[in-house]
Amino acid sequence: MAEETESKQSAVESVMEKISEKIHGHDSSSSSDSDSDHEKPASPSSVKAKIYRLFGRERPLHHVLGGGKPADVFLWRNKKISAGVLGGATAIWVLFELIEYHLLTLLCRISILSLAVLFLWSNVHTFIHKTPPRIPQVHLPEEPFLQIASALTIELNQALELLRDIASGRNPKFLVVVAAFWVLSVVGSWCNFLTLFYTSFVLLHMVPVLYEKYEDKVDPFAEKAVIEIKKQYAVFDANVLSKIPTGPLKSEKV
């Protein structure tokens, strides 16, 4: 009898141990799951979406610049092509700005040299056993020019519509546009159009690639600057623009 009672007690104790192990295991698994849920960091995409990007862009800088060969050139995807384009622009600027060469003179002298080479080649080809040069015919397709004209028309209309919104005071970029035009007028008084164009071309080759490299450091400063500009514009609107009398706007007919 004693042995039977001891075996029963041991069986009950083993069953109780198994039940307690299951309960503790379930609690530990649920607590670990809850801890993992609390400790699980946010996905990189959600964190990246919350980060302010300059000009409110949501796409990579390469897509903002067009995503084609011009974007590859400006972002130095192919260093040889980018360096060649920048070197060619520098040579043109040095030729016409520093050496003060004239475009018409350059074109005329290139034409004279080309005609002289073609004349000599055409007259001595029998002696050097070479075929005379063939001047190719130029065929320009119409479709690319139509696409370029259509794209320029759309961009021009969008720019005019933006200027109209800014001029009417409905766009908070009024002060930014006025400041940009003022800075451009001051810079234009310092140099001629060719130097200004070359400087802009160099900046297009330097600023985007530097911004793409340090965008995580630049965007927070840009966010603070935009917030400050909006505050200053709100003050300017409350003190100046809101006091300007305006007539009733006529409803536009669609």
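**Exercise 1. Decide whether C108 is buried, partly exposed or exposed, and do the same for C191.**

Solution. This is a predicted model, and the classes rest on two cut-offs, since buried means under 20% relative accessible area and exposed means over 50%. The relative accessibility of C108 is 41%, so C108 counts as partly exposed. For C191 the relative accessible area is 22%, and C191 is therefore partly exposed. As a last step, consider the sulfur atoms: a disulfide needs a pair of cysteine sulfur atoms within 2.5 Å, and by this rule the count is zero disulfides.

**Exercise 2. Find which side chains meet in a salt bridge, and explain what the pair ties together.**

Solution. Begin with the general idea that side chains of opposite charge can pair when their charged atoms come close. The cut-off here is a nitrogen-to-oxygen distance within 4 Å, and the count by this rule is one salt bridge. The partners are E212 and R77, whose side chains meet at 3.0 Å, N to O. Next, place the two residues: E212 belongs to helix 9 (residues 193–213), while R77 sits in the loop between helix 4 (69–74) and helix 5 (79–98), so the salt bridge ties together parts that lie 135 residues apart in sequence. Finally, check the surroundings of each partner, where E212 is partly exposed at 26% relative accessible area and R77 is partly exposed at 45%.

**Exercise 3. Compare the expected span of helix 5 with the distance between its end C-alpha atoms, and work out where its buried residues lie.**

Solution. At 1.5 Å a residue, the 20 residues of helix 5 should span 28 Å, and the end C-alpha atoms are 26 Å apart, which agrees. The buried residues of this helix are S82, L86, A89 and W93. Viewed down the axis of helix 5, the buried residues fall within an arc of 60 degrees, so they line one face of the helix. The general reason is that an α-helix has 3.6 residues a turn, so residues three or four places apart point the same way. Helix 4 and helix 9 are among the parts that cover the buried residues of helix 5.

**Exercise 4. Name the residues of the largest nonpolar core, and state which helix supplies the largest share.**

Solution. The largest nonpolar core has five residues, namely L86, A89, W93, Y198 and F201. Helix 5 and helix 9 each supply at least two residues of this core, and the largest share, three residues, comes from helix 5. To see one set of contacts, look at A89, which touches Y198 and F201 when residues up to four places away in sequence are not counted.

Definitions and conventions. Residues are numbered from 1 along each chain as its sequence is written. This is a predicted model: local features need pLDDT of at least 70, side-chain atom pairs count only at pLDDT 80 or more; totals for chains, interfaces and linings use all residues. Side-chain values use heavy atoms; hydrogens and water are left out. Helices (H or I, at least four residues) and strands (E, at least two) are DSSP runs, numbered from the N terminus. Buried means under 20% relative accessible area, exposed over 50%, partly exposed in between (1.4 Å probe, protein chains only). The expected span of a helix is 1.5 Å times one less than its number of residues. The arc is that of the directions from the helix axis to the C-beta atoms. Contact means heavy atoms within 4.5 Å. A nonpolar core is a set of buried Ala, Val, Leu, Ile, Met, Phe, Trp, Tyr and Cys residues joined through side-chain atoms within 4.5 Å.
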